[in-house]
Amino acid sequence: MNEYRERLLGLLEKDDPFVVLADTPRLVVDLMGRIGEEGLSKQLEPGKWTAREIFAHLTDVEQGTGFRIRQIAMSPPGHVIQPFDQDLWAKPYHSLPARAAVRAFASLRSWNLFYYRSISAEDRAKVGMHPERGEESVDVLIRMQAGHDRNHLAQLEAIAALPEAPGPVEQEMRFDFNVEE
């Protein structure tokens, strides 16, 4: 088994991935408010991503995973998943607006959840081939995405708890997180 996949799945354990995925946007917005503009450049340790970079990364992964899931679910067997280099994608993150990333993430997540819930059990069982991690089903990708959320939410929580981070600031972003319609 692939170590990265197992680590993410381990963060989810037996929890319902749809509950985790649906709750993450609210948590991300809350963390953006708690970290504040002044805290966006904070990182847990040298060489690690800043809060701004984590917010941007969550948005890119939301796009990438949603695309992968659609491709696997709607392609004939044998689909090859396109890998991406997250560090290469992260190069411009330091200069991008974190609030825009958070808004985009919340919108994309809502849309992706509607899509994921519409996929039949047969399509969720379809498998794609990731060149680095091997076979992954749509169901496994959804579960990995929930574990990925937990990984980065923990990092953002730790950044928010840093003594140099500002206290709570007034939330400028408001979202309707009802993804059940």
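## Aromatic pairs, helix H5 and the strand hairpin

Trp49 and Tyr93 are both buried. They belong to a predicted model of a chain in which 48% of the 181 residues count as buried.

The Trp49 ring centre lies 6.2 Å from that of Tyr93 and the planes meet at 75 degrees, so this pair is edge-to-face. The contact links distant parts of the chain, 44 residues apart: Trp49 is in the loop between H2 and H3, and Tyr93 is in the loop between helix H4 (86-89) and H5.

Two aromatic pairs are found in a search of the whole structure. The other joins Phe84 and Trp89, whose planes are at 20 degrees; this is under 30 degrees, so the pair counts as stacked. Phe84 is partly exposed, at 25% relative accessible area, and Trp89 is also partly exposed, at 36%. Both values fall between the 20% limit for buried and the 50% limit for exposed.

| Pair | Centre distance | Plane angle | Class |
|---|---|---|---|
| Trp49 and Tyr93 | 6.2 Å | 75 degrees | edge-to-face |
| Phe84 and Trp89 | 4.1 Å | 20 degrees | stacked |

The chain as a whole has seven helices and two strands. Read from the N terminus, the order of elements is α-α-α-α-α-α-β-β-α. Among contacts with a separation of 6 or more, 82% are between residues 24 or more positions apart. The exposed surface of the chain is about 9500 Å², and 54% of it comes from carbon and sulfur atoms.

Helix H5 covers residues 98-118, and its 21 residues should span 30 Å at 1.5 Å a residue; the end C-alpha atoms are 30 Å apart, so the expected span and the model agree. Buried residues in H5 include Ala98, Ala101, Val102, Phe105, Leu113, Tyr115 and Tyr116. Arg99, Arg109, Ser110 and Asn112 are also among the buried residues of this helix. An α-helix has 3.6 residues a turn, so residues three or four places apart point the same way. The packing partners of the buried H5 residues are helix H2 (17-39), helix H3 (51-74) and helix H7 (138-160). Tyr115 also takes part in a charge-ring arrangement: the charged end of Arg70 sits over the Tyr115 ring, 4.1 Å from its centre.

The two strands, S1 (residues 127-130) and S2 (residues 134-137), run antiparallel and are joined by four bridges. Three residues make up the hairpin connection from S1 to S2. Across the strands, Met129 stands opposite Glu135 in S2.

Technical notes:
Residues are numbered from 1 along each chain as its sequence is written. This is a predicted model: local features need pLDDT of at least 70, side-chain atom pairs count only at pLDDT 80 or more; totals for chains, interfaces and linings use all residues. Side-chain values use heavy atoms; hydrogens and water are left out. Buried means under 20% relative accessible area, exposed over 50%, partly exposed in between (1.4 Å probe, protein chains only). Contact means heavy atoms within 4.5 Å. Accessible areas come from the Shrake-Rupley method with a 1.4 Å probe; for residues, only the protein chains shown count as cover. The expected span of a helix is 1.5 Å times one less than its number of residues. Two strands pair if DSSP finds at least two bridges between them. Rings of Phe, Tyr and Trp (its six-membered ring) pair if their centres lie within 6.5 Å; planes under 30 degrees apart count as stacked, over 60 as edge-to-face and the rest as tilted. A charge sits over a ring if NZ of Lys or CZ of Arg is within 6 Å of the ring centre and within 35 degrees of the ring normal.
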